[in-house]
Amino acid sequence: MQPKPRTATTNDPKPLRLVLLAGLAAAFLTACGVIAAVAPPIDVGDPMDVDGTSVEAELVSGGLSTAALAHLGATKAFAFGDMEVDLRGFSIASFYTNVGLSDTVRVTGGGVESDYPTSIEVTGGRLSATVEDDVNGNVTFGVEADLSLTYERDSCSVDACSYVYAGDDPLDGVLDLRLTDSGDLATLVAIIREGDTPSPNRGELEIGIEVDSDPALAGFTATFTLTSDGSRIRLGG
């Protein structure tokens, strides 16, 4: 009599082992997603040296997007070292940099106080950041915002007048920068992380601010100051 061929039974441990392994893998991936969802953003300081940056330039005719407005612009270079940030096992959802305006503006260029308008209005702002190193290339990201921020003339000296913010809307995030594109995020993280081949990081901030006033301030010089409580990386899973 020929022996009967063996058939699989529910006691065969292989299918169960595969199910257990698949279950463990799914649980692990789910746990990573949950961890990422509840994990606080990773604070990486102020690598672009935004806080305290002065934007000082001569006001000229022609705005960033509206031809009738005076505007000012400035460019700033910065440099920072690689960071010890361990992001293995997680994707990156965003890179965020807080950028605001200070509540005081200094304007120079008039001979007497009556040369200066009683108020000025910031009607728009633009901020672009480029970060690069010699190993990973570069990434650029930015923001352009319509604003309505009124500053009123406060006090004047022989050669300048100061203007103080008179609005109710907060100034601390009016030009916040966010990077969410996955490819650009990967490049940025590769640049700022301490890797096998350390490389100095450098970059450039380009700032533009629209100003409207009556009388117009073309030919005057205005000084704004940027504020920031730093940059953060948010995990995505």
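Reader: What volume does the largest cavity have?

Author: About 40 Å³ for the largest cavity. Bear in mind that this is a predicted model, where local features need pLDDT of at least 70, side-chain atom pairs count only at pLDDT 80 or more, and totals for chains, interfaces and linings use all residues. Residues are numbered from 1 along each chain as its sequence is written, and side-chain values use heavy atoms, with hydrogens and water left out.

Reader: What makes a set of points a cavity?

Author: On a 1 Å grid over the protein atoms alone, a 1.4 Å probe has to fit at the points but be unable to get out. The volume is the space filled by probe spheres set on those points, which are joined across faces, edges and corners. With a floor of 30 Å³ or more, the count comes to 1 cavity.

Reader: Which residues line the largest cavity, and how does that lining split by class?

Author: Lining residues need an atom within 4 Å of a point, and here they are Pro47, Met48, Phe80, Phe95, Val131, Leu188 and Ile192. Pro, Met, Phe, Val, Leu and Ile are on the nonpolar list, so the tally is 7 nonpolar, no polar and no charged residues.

Reader: How do you know that Cys156 and Cys161 form a disulfide?

Author: Their sulfur atoms sit 1.9 Å apart, and the rule asks for a pair of cysteine sulfur atoms within 2.5 Å, so the pair passes. A search of the whole structure finds 1 disulfide. The link of Cys156 and Cys161 is right-handed, with 105 degrees about the S-S bond.

Reader: Why does Cys156 count as it does for accessibility, and what about Cys161?

Author: Buried means under 20% relative accessible area, exposed over 50%, and partly exposed in between, using a 1.4 Å probe and protein chains only. Cys156 comes out at 27%, so it's partly exposed. Cys161 has 1%, so it's buried.

Reader: Is Glu144 buried or exposed?

Author: Glu144 is exposed, because its relative accessibility is 52%. Glu144 belongs to strand E9 (residues 137-156); a strand (E) is a DSSP run of at least two residues, numbered from the N terminus.

Reader: Why does Ser228 count as buried, and what does its side chain reach?

Author: Ser228 has 13% relative accessibility, so it falls in the buried class. Its side chain reaches the backbone nitrogen of Gly230 at 3.0 Å. A polar contact is a pair of N or O atoms within 3.5 Å, one able to donate a hydrogen and the other to accept it, and residues adjacent in sequence count only if both atoms are side-chain atoms. Ser228 sits in the loop between strand E13 (221-227) and strand E14 (231-235).

Reader: What does the side chain of Lys76 have close by on Asp49?

Author: A polar atom of the Lys76 side chain lies 2.4 Å from the backbone oxygen of Asp49. Lys76 lies in strand E4 (residues 70-80), while Asp49 is in the loop between strand E1 (42-43) and strand E2 (54-58). At 40% relative accessibility, Asp49 counts as partly exposed. Asp49 also has a positive phi of about 55 degrees, although it isn't a glycine.

How values were computed:
Helix = DSSP H or I, 4+ residues; strand = E, 2+ residues; numbered from the N terminus. 1 Å grid on protein atoms, 1.4 Å probe; cavity = no way out; pocket = protein on both sides within 12 Å on 5 of 7 lines; lining within 4 Å.
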